[in-house]
Amino acid sequence: MFFKPAELQPREVKPFDAFPVALPAGSVSGIVFADQLAEEVFVHHLIASTLKDGPAYHIGPGSLSIRILEKLSESTSNLYAGNAYTTEELMNAMKLVEDDSLVVVRRFSLLLGLSGEKVVEIKRIADEKGLTVVLCHSTLELNELDLPGEFGKLFFIPELFDMLAVLRTSSYRGHYRMNITVLRAPAEYVASVGDHSVPIDSLARPFLHRG
């Protein structure tokens, strides 16, 4: 139950260098996407950034583009994918994955049987196995004036999460930016709480141009 924090050096992951927060092992993050481009760029680049160091697990419903991942990573041999439609299926899957792995869950807020109690259990599994868990939800309708309320509806106990963020993309004259609102962050990244806008032309290109 107890450990010496000074002796721990958890692995951190980022989807890309300009992203304002790194996600440590044992953390659970809640990400809301306001458009599909933001979702695909974040998920694919996050998974690609970890494949060289260890396993990455993608849990749908929702699919990955292997063709795009092969452009972003030297190898996809550490990638595992599956679907979960209930919180019980998700928790059973998390118990099977390798320790210290990345687990990305899409459409999290649509899982059957979701409750505050289940969210606590998901956090416990992440802690015990040293998982970096990213729970994602994509929506076509988001109340930007009450983001804390939106996170409460989607994730039940947002205070339990290590990071909470909303991601959106915008474009002007063929150039793309990712606009990020960080509502909660790990202690080392508290200064990143707030709004950020980063250029993503090169990151978005594989999704906008076929071939």
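**Exercise 1. Is Glu150 buried or exposed in this predicted model, and which residues outside its own stretch of sequence does it touch?**

Solution.
Step 1. Take the relative accessible area of Glu150: 10%.
Step 2. Compare with the cut-off. Buried means under 20%, so Glu150 is buried.
Step 3. Place the residue. Glu150 sits in helix α5, residues 147–155.
Step 4. Set aside the neighbours within four places in sequence. Glu150 is then in contact with Glu141, Leu142 and Asn143.

**Exercise 2. Classify Glu117 as buried or exposed, and say how far Glu117 is from Glu128 in space.**

Solution.
Step 1. Find the element. Glu117 belongs to helix α4, residues 116–129.
Step 2. Apply the cut-off. Exposed means over 50%. Glu117 has 64% relative accessibility, so Glu117 counts as exposed.
Step 3. Go from C-alpha to C-alpha. Glu117 and Glu128 are 17 Å apart in space, with their positions 11 residues apart in sequence.

**Exercise 3. Describe how helices α3 and α4 pack.**

Solution.
Step 1. Choose the two quantities. A pair of packed helices is described by the angle between the axes and the distance between them.
Step 2. Read the values. Helix α3 covers residues 87–96. Its axis makes an angle of about 5 degrees with that of α4, and the axes are 10 Å apart.
Step 3. Name the arrangement. Angles under 35 degrees count as roughly parallel. Therefore α3 and α4 are roughly parallel to each other.
Step 4. List the residues that meet. From α3 come Thr87, Glu88, Leu90, Met91, Met94 and Lys95. From α4 come Lys118, Glu121, Ile122, Ile125, Ala126 and Lys129.
Step 5. Sort the residues of this contact. There are 6 nonpolar, 1 polar and 5 charged.

**Exercise 4. How many salt bridges are there, and which parts does the pair Arg106 and Glu39 tie together?**

Solution.
Step 1. Recall the cut-off. A side-chain nitrogen of Lys or Arg must lie within 4 Å of a carboxyl oxygen of Asp or Glu.
Step 2. Count. The total is 12 salt bridges.
Step 3. Check the pair. The side chains of Arg106 and Glu39 form a salt bridge at 2.9 Å, N to O.
Step 4. Locate both partners. Arg106 is in the loop between β6 (102–105) and α4, and Glu39 is in helix α1 (residues 36–50), so the pair ties together parts that are 67 residues apart in sequence.
Step 5. Look at accessibility. Arg106 has 1% and counts as buried. Glu39 has 2% and counts as buried.

**Exercise 5. Where do Lys129 and Asp99 lie, and is each buried or partly exposed?**

Solution.
Step 1. Confirm the bridge. The side chains of Lys129 and Asp99 meet at 2.9 Å, N to O.
Step 2. Place the partners. Lys129 lies in helix α4 and Asp99 in the loop between α3 and β6, so this bridge ties together parts that are 30 residues apart in sequence.
Step 3. Classify each. Lys129 is buried at 15%. Asp99 is partly exposed at 40%.

**Exercise 6. How many residues apart are Asp127 and Lys123, and which residues do shared partners join into one network?**

Solution.
Step 1. Check the distance. The Asp127 and Lys123 side chains form a salt bridge at 3.5 Å, N to O.
Step 2. Find the spacing. Both lie in helix α4, 4 residues apart, about one turn of the helix.
Step 3. Classify. Asp127 is partly exposed at 45%, and Lys123 is buried at 12%.
Step 4. Follow shared partners. Salt bridges join Glu39, Glu40, Arg106 and Arg107 into one network.

Conventions: Residues are numbered from 1 along each chain as its sequence is written. This is a predicted model: local features need pLDDT of at least 70, side-chain atom pairs count only at pLDDT 80 or more; totals for chains, interfaces and linings use all residues. Side-chain values use heavy atoms; hydrogens and water are left out. Helices (H or I, at least four residues) and strands (E, at least two) are DSSP runs, numbered from the N terminus. Buried means under 20% relative accessible area, exposed over 50%, partly exposed in between (1.4 Å probe, protein chains only). Contact means heavy atoms within 4.5 Å. Axes are lines fitted to C-alpha atoms, for helices over the stretch in contact, and angles run from 0 to 180 degrees between N-to-C directions. Angles under 35 degrees count as roughly parallel, over 145 as roughly antiparallel, 65 to 115 as roughly perpendicular and the rest as oblique. Ala, Val, Leu, Ile, Met, Phe, Trp, Tyr, Cys and Pro count as nonpolar, Asp, Glu, Lys and Arg as charged, and the others, Gly among them, as polar.
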